[in-house]
Amino acid sequence: MIVWLNVGSLLLGLLAWMLPLVGYVKKQRNVQTLAVMSMGACALSLSFQIFYHYHLVQIGDWSAIMDITGSTAFASAVLIIVTIFLNAVTLIRHRKGVAA
């Protein structure tokens with residue numbers, strides 16, 4: 001059951017990237033809603049990783065924690081940076097489109 005936290009984290013991370021791309025490509029009018037949903041998916045994805053680490057602490061699997069902590073921290077930083085960037089680009093494009 002715990003392995004689903006990693007799968008869910010991956011799927012939510014991909015969703016966090018796909019939502020702003022949909023708003024950018026299709027020129028949706030509700031890009032603010034998509035941005036909020038994207039950031040929410042990013043937050044849930046990171047929460048799933050925190051819960052997975054908590055599970056590893058509870059069962060005392062210290063070698064797994066030492067193995068995955070560095071890559072998890074890097075992947076989390078990439079997820080946050082790319083999500084913010086994609087949402088910012090989409091919102092800026094939408095703002096310019098509304099002003100024109």
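**Close-up views of a three-helix model**

The protein exposes about 6,700 Å², and carbon and sulfur atoms supply 74% of that area (accessible areas come from the Shrake-Rupley method with a 1.4 Å probe, and for residues only the protein chains shown count as cover). What you see is a predicted model, where local features need pLDDT of at least 70, side-chain atom pairs count only at pLDDT 80 or more, and totals for chains, interfaces and linings use all residues. Residues are numbered from 1 along each chain as its sequence is written, and side-chain values use heavy atoms, with hydrogens and water left out.

**View 1. The whole chain follows the pattern α-α-α**. There are 3 helices and 0 strands here (DSSP runs numbered from the N terminus: helices are H or I with at least four residues, strands are E with at least two). The C-alpha trace spans about 60 × 25 × 15 Å along its principal axes. Its radius of gyration is 16 Å, while a compact globule of 100 residues would come in near 13 Å (taken over C-alpha atoms; the globule rule is 2.2 Å times the number of residues to the power 0.38). Of the 100 residues, 31% are buried (buried means under 20% relative accessible area, exposed over 50%, partly exposed in between, with a 1.4 Å probe and protein chains only).

**View 2. Meet the largest nonpolar core**. Its 6 residues are Leu-12, Ala-16, Ala-41, Cys-42, Leu-46 and Leu-79 (a nonpolar core is a set of buried Ala, Val, Leu, Ile, Met, Phe, Trp, Tyr and Cys residues joined through side-chain atoms within 4.5 Å). Helix H1 (3-26) and helix H2 (31-59) each supply at least two residues of this core, and H2 gives the most, with 3 residues. Apart from it lies another core of 5 residues, among them Leu-5, Tyr-52, Leu-56 and Ala-64. In soluble globular proteins, nonpolar side chains tend to be buried together.

**View 3. Thr-83 sits in helix H3 (residues 62-99)**. Thr-83 counts as buried because its relative accessibility is 0%. Leaving out residues up to four places away in sequence, Thr-83 touches Ala-16, Trp-17, Ser-38, Met-39 and Cys-42 (contact means heavy atoms within 4.5 Å).

**View 4. Now swing over to Trp-17, in helix H1**. Trp-17 counts as partly exposed because its relative accessibility is 25%. Setting aside neighbours within four places in sequence, Trp-17 is in contact with Val-78, Leu-79, Val-82, Thr-83 and Leu-86. Met-66 is another story: Trp-17 and Met-66 are 49 residues apart in sequence and 28 Å apart in space, C-alpha to C-alpha.

**View 5. His-53 lies in helix H2**. With a relative accessible area of 17%, His-53 is buried. Not counting residues up to four places away in sequence, His-53 touches Ile-68, Thr-69 and Thr-72.

**View 6. A nonpolar patch on the surface**. Met-1, Val-3, Trp-4, Val-7, Leu-10, Leu-11 and Leu-14 make this patch of about 800 Å² (patches are made of residues with over 30% relative accessible area and no salt bridge; like charges are joined within 9 Å, and nonpolar side chains, meaning Val, Leu, Ile, Met, Phe, Trp and Tyr, within 5 Å; a salt bridge is a side-chain nitrogen of Lys or Arg within 4 Å of a carboxyl oxygen of Asp or Glu). One of its residues, Leu-11, is found in helix H1 and counts as exposed at 53% relative accessibility.
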